[in-house]
Amino acid sequence: MRILVTGASGTIGGEVLRQLLAAGHPVRALTRDPARAGLPEAAEVVAGNLAEPDTLTGLFTGVDRMFLAPAFAVARTAEQVVAAATAAGVRRIVTLSSGAVVDDEPGVEDADYHHADEVTVERAVEAAGVEWTHVRAGEFMANTLDWAQAIRTTGVVSSPFGKIASGMVHEADIAAVAVAALTQDGHHGAKYVLTGSELVTPPEQVAAIAAAIGRQLRFEAISPAQARASWQAQGYDPAFIDWMLGPEDAPLAESDFVGAAELTDDVERVLGRPAHTYARWAADHAADFR
Ligand SMILES: NC(=O)c1ccc[n+]([C@@H]2O[C@H](COP(=O)([O-])OP(=O)(O)OC[C@H]3O[C@@H](n4cnc5c(N)ncnc54)[C@H](OP(=O)(O)O)[C@@H]3O)[C@@H](O)[C@H]2O)c1
């Protein structure tokens, strides 16, 4: 059983690749640039671009199962890529999707900035006549690696989201669920919505990183307007800024930056153990913040 991992140099695909190799599965890994990707030697590394199906000739030959990510790379070519895969004999596809996808959404055009691509890819895979599983991940704990430079240089993390508790999920849990769906039976047609096992606010996350690296750190609450100015100065995608903070001419109110996400137990149902905590993630990544 040969498994193809796309997005293999990324946060989740990389972890899927490592877990599959550790379990002894033959794995082919896709990257646009093998020289830069630094993928493990045990993987069969293949060059190709999901957005340019002409570059994928031979990619699927001898492959039984595929992890398909990231959605933004393949949304516009999803039908072609999935058709080429199934024509070559791929019988099972596990997608990396988003917890923001909801099943009663009437159409892709109704999905918002951040998950329209996931809706498109999910639908292409469901229509392909293969076994499929969608791994709908919630907010990655790994997103807080964005704080690494500020933590190393100033010891201060600034955010307008200090009062929003998140059920963030460890990349190892997302990957472990994907690996289960790729390698075990009983996951066809499942849409797993993955969160961690607890709700954590940004000040609590900063405190967990401080404990992991043994240094005092400070969380600083800033207004949405201050966040917008900072992100614009750092060159963030304007559409991303509007999605996070509301459009500049109709920004979200401060009161919108309070709240809590919901937790699911899908990690535990699939893996038979609770999802990792943020403190565990911070310990796993201590070196990134030192
Ligand atoms: N961040 C979150 O909280 C969150 C939550 C739920 C879902 N998601 C979704 O997760 C996905 C991102 O996953 P990630 O963080 O693991 O990715 P990532 O670390 O940003 O890495 C992106 C990967 O995609 C590959 N890639 C990019 N464009 C490609 C193309 N045209 N053809 C082939 N490969 C391409 C890159 O490979 P090469 O550069 O080596 O080619 C790389 O391996 C996004 O779709 C996002 O919407 C994110």
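This report describes the surroundings of the ligand and the domain layout in a predicted model.

## Basis of the values

In this predicted model, local features need pLDDT of at least 70 and side-chain atom pairs count only at pLDDT 80 or more, whereas totals for chains, interfaces and linings use all residues. Residues are numbered from 1 along each chain as its sequence is written, and side-chain values use heavy atoms, with hydrogens and water left out.

## Ligand shell

The ligand is surrounded by 24 residues, a residue being counted if one of its heavy atoms lies within 4 Å of the ligand; the closest are Ser9, Thr31, Arg32, Asn49 and Asn143. By class, the shell holds eleven nonpolar, nine polar and four charged residues, where Ala, Val, Leu, Ile, Met, Phe, Trp, Tyr, Cys and Pro count as nonpolar, Asp, Glu, Lys and Arg as charged, and the others, Gly among them, as polar.

## Contacts and burial

A polar side-chain atom of asparagine 49 lies 2.6 Å from a ligand nitrogen atom, and a backbone N or O atom of leucine 50 lies 2.8 Å from a nitrogen atom of the ligand. On asparagine 143, a polar side-chain atom is placed 2.8 Å from an oxygen atom of the ligand. Taken alone, the ligand exposes 930 Å², of which the protein buries 81% (accessible areas by the Shrake-Rupley method with a 1.4 Å probe).

## Domains

The protein chain is divided into domain 1 (3–137) and domain 2 (142–167 + 197–261 + 277–289), with bounds from an automatic or database domain assignment. Taken over C-alpha atoms, the centres of domain 1 and domain 2 are separated by 29 Å.

How values were computed: Polar contact = N/O pair within 3.5 Å; in protein donor to acceptor, adjacent residues only side chain to side chain.
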